[in-house]
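Biologist: Could you put the model up and take me through the strand pairing, residue by residue where you can?

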Amino acid sequence: MHIISARIQVKPECREQFIEASRAIISGTRAEQGCMFYALHEDVHEPQSFLFYEEWEDQAAIDNHFQEPHFQAFGEAIVDLIVCEPDIAVMAVDPQGCK
């Protein structure tokens with residue numbers, strides 16, 4: 001399994017536009033094969049700070065996700081809404097746990 005966390009800082013005046021743009025990628029992604037969990041979270045102390053938290057079966061599922069039309073459209077839709085490039089981390093989960 002792989003975990004992705006993507007932190008996104010949105011311009012304060014663009015918060016509602018960002019949330020609206022996120023609806024299509026969330027519903028589309030949750031329907032993808034290999035997607036185990038996909039959610040958007042908003043920082044309660046910093047309302048323009050968001051986190052996508054994702055769980056994927058494997059790297060192939062992630063690679064396919066990046067090719068999906070809803071993923072491409074989301075990137076285009078938010079380019080003028082965000083402060084800077086998203087901070088993205090991809091982690092592989094050891095099925096045996098930490099030893």
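Modeller: Let me start with one pair: S5 stands opposite Y53 in strand 3, where strands are DSSP E runs of at least two residues and helices H or I runs of at least four, numbered from the N terminus. This is a predicted model, in which local features need pLDDT of at least 70, side-chain atom pairs count only at pLDDT 80 or more, and totals for chains, interfaces and linings use all residues. Residues are numbered from 1 along each chain as its sequence is written, and side-chain values use heavy atoms, with hydrogens and water left out.

Biologist: Which residue stands opposite I3 in strand 3?

Modeller: That is E55; strand 1 (residues 2–9) and strand 3 (residues 49–56) pair in the antiparallel sense over eight bridges, and two strands count as paired if DSSP finds at least two bridges between them.

Biologist: And how many bridges join strand 1 to strand 4?

Modeller: Six, with the two strands running antiparallel, and H2 has A92 as its bridge partner in strand 4.

Biologist: What's the strand order in the sheet?

Modeller: The four strands form an open, antiparallel sheet in the order 2-3-1-4, with strand 2 (35–42) and strand 4 (87–92) at the edges, each pairing on one side only.

Biologist: Switching topic, is strand 1 mostly covered or uncovered?

Modeller: Mostly covered, since six of its eight residues are buried, meaning under 20% relative accessible area with a 1.4 Å probe, protein chains only.

Biologist: Which strands does helix 1 lie across?

Modeller: Helix 1 (residues 15–30) lies across strand 1, strand 2 and strand 3, and runs at about 170° to strand 2; contact is heavy atoms within 4.5 Å, and angles run from 0 to 180 degrees between N-to-C directions of axes fitted to C-alpha atoms, for helices over the stretch in contact.

Key: Buried < 20%, exposed > 50% of the residue type's maximum accessible area, 1.4 Å probe, protein only.
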